[in-house]
Amino acid sequence: MAPGSGGGVSRRRLIGGAGAAGAAGLVLGAAGGAGGYAATRDDVPAALTTIGSTEEMFHGKHQPGILTPLQARGHLIAFDLAPGAGRKEAAALLRRWSAVAERLMAGRPSGDGAGHDTGVALDAGPSSLTVTFGFGRTFFDRTGLVARRPAGLDPLPSFSSDHLDAKRSDGDLWVQIGSDDALVAFHALRAVQKEAGEAARVRWQMNGFNRTPGATAEPMTARNLMGQVDGTGNPKPAESDFEKRVFVQAGDAAHAWLEGGSYAVVRRIRMLLDDWEKLTVDRQERVIGRRKADGAPLSGGTETTEMDLDKAGPDGRLLIPDNAHARISSPEKNGGAAMLRRPFSYHDGLSDDGTPDAGLLFICWQADPFRGFVPVQRKLDRGDALSPFIRHEASGLFAVPGGTAPGEYVGQRLLEG
Ligand code: HEM
């Protein structure tokens, strides 16, 4: 099941009496409005809804925030190590960050009783909070670890359609925060920023969102700001080659510290929504190759039916056009290249010309970005029908170490190995 589709509960648990009471809370929330609000205020003590009480595990084979179902709120933040900070400072920082991430993900205050917590997340449960850490190419220069830099962190090639802002791209360190509650997510963002202390400085920061769990009658694949069902073609955890496609395997690289880890390609992709929204639904569907209402391929069937890329209509034309986005990006047309897309939408108000500064914080996960993102983006760059309606404005590539065991911090095997 795709992360966006509401399944994949293997790493999560519900706390705070979220059995029947929690489910009732969710129903109230979904039924919505003032009634639900009043009920949770007046019934003392109120159980957390399943949204508040869902806890993602910090420790595990992989870092959290990769297989976690899409969360309603996300923050991405990149840091550069401060001048003079090197491997020792980086190790201490990762140790602090890991400790605070573990506490917050369990729904505990960031200061662990020491009085430093801002209180922003008080009253809320863990709310599926995840905090994920990655290393950029330059991290290895700054920490004297160039010999241990994996080839997967070679610079991404430039693409003809790139309009990249260097100030909002790359970075020594990258942190992805996700939660189903906006205050819980903001709280974690502040905690991560404060823990950076003198060791690292913010390079860029972006905010995103997805549909709130429970907003639809049943779990569904997410929609993006163009209104399309987005995430259908993702590799599924149940597929036999899923782990191999998404995560670095033992022996895959000469870099044992990356085992169980992954590479995140992050692209801020602006959507030119005024132009897009002028298209008829029929045109929009031909740009993607799938129906807008339910995500079904234009070759027929339902959302989960395989695309038939050779099927033609009565006029002899391919039902899924030659330049349709879903055709060009499909593994079938890219030698099996696949990636797990796990994005957030973003909206940062209006630009000076009145157009929405909105789009997709595209994040894709793969065992090797030069066999996942790069060949697919090369192909999209050459003839994707979607290209006139989007603009890649920022880019980053980060190696995300595997998950940690209790007592271990993220990246310890690199920094102390
Ligand atoms: C704002 C930019 C983008 C939008 C709105 C968008 C939208 C979509 C939509 C609606 C689908 C069909 C449903 C699905 O399978 O998820 C799709 C499929 C896909 N997209 Fe994109 N996409 C964007 C950018 C990209 C980029 C930059 C890449 C990678 C370089 C990419 C790779 C893919 C892949 C691999 C598929 C699945 C194809 C398949 O399995 O058949 N997309 N995209």
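The exercises below, each with a worked solution, concern a predicted model.

**Exercise 1. Strand β5**

Determine whether the residues of β5 are buried or exposed, and on which sides they point.

Solution. Strand β5 covers residues 173-179, and seven of its seven residues are buried. In a regular strand the side chains alternate between the two faces of the sheet. In β5, Leu173, Val175, Ile177 and Ser179 point one way. Trp174, Gln176 and Gly178 point the other way, and these too are buried.

**Exercise 2. The partners of β5**

Find the sense in which β3 and β4 pair with β5, and give a bridge for each.

Solution. Begin with β3, residues 73-81: its pairing with β5 is antiparallel and runs over seven bridges. Here Gly74 is bridged to Gly178 of β5. Next take β4, residues 130-135, which pairs with β5 over six bridges, again in the antiparallel sense. Here the bridge partner of Gly134 is Trp174 of β5.

**Exercise 3. The nonpolar core**

Identify the residues that touch the most other members of the largest nonpolar core, then list the contacts of Val192.

Solution. The largest nonpolar core holds 89 residues, and Val131, Ala188 and Val192 touch the most other members. Helix α4 (residues 87-105) gives the most to this core, namely eight residues. For Val192, set aside neighbours within four places in sequence; the contacts are then Ile77, Trp97, Val100, Val131, Val175 and Ile177. Two of these, Val175 and Ile177, point one way from β5.

**Exercise 4. The ligand shell**

State how many residues surround the ligand, which elements supply two or more of them, and how the shell divides by residue class.

Solution. The shell has 27 residues, the closest being Gln228, Gly233, Ser329, Ser330 and Gln377. Two or more residues each come from β7 (262-271), α10 (325-328), β10 (356-366) and α11 (373-383). The largest share, four residues, is that of α11. By class, the shell has 13 nonpolar, eleven polar and three charged residues.

**Exercise 5. Positive phi in a loop**

For Asp123 and Ser128, give the phi angle and decide whether each residue is buried or exposed.

Solution. Asp123 lies in the loop between α4 and β4, and Ser128 lies in the loop between α4 and β4 as well. Asp123 is not a glycine, yet its phi is positive, at about 80°. Ser128, also not a glycine, has a positive phi of about 60°. Now count neighbours: Asp123 has 9 other C-beta atoms within 10 Å, so it is exposed. Ser128 has 29 C-beta neighbours inside 10 Å and therefore counts as buried. The cut-offs applied are 12 or fewer for exposed and 20 or more for buried.

Definitions and conventions: Residues numbered from 1 in each chain as written. Predicted model: local features only at pLDDT ≥ 70, side-chain atom pairs only at ≥ 80, totals over all residues. Pairing = 2+ DSSP bridges. Near = placed C-beta within 6 Å. Nonpolar A, V, L, I, M, F, W, Y, C, P; charged D, E, K, R; others polar. Core = buried A, V, L, I, M, F, W, Y, C linked by C-beta atoms within 7 Å. Contact = placed C-beta atoms within 7 Å.
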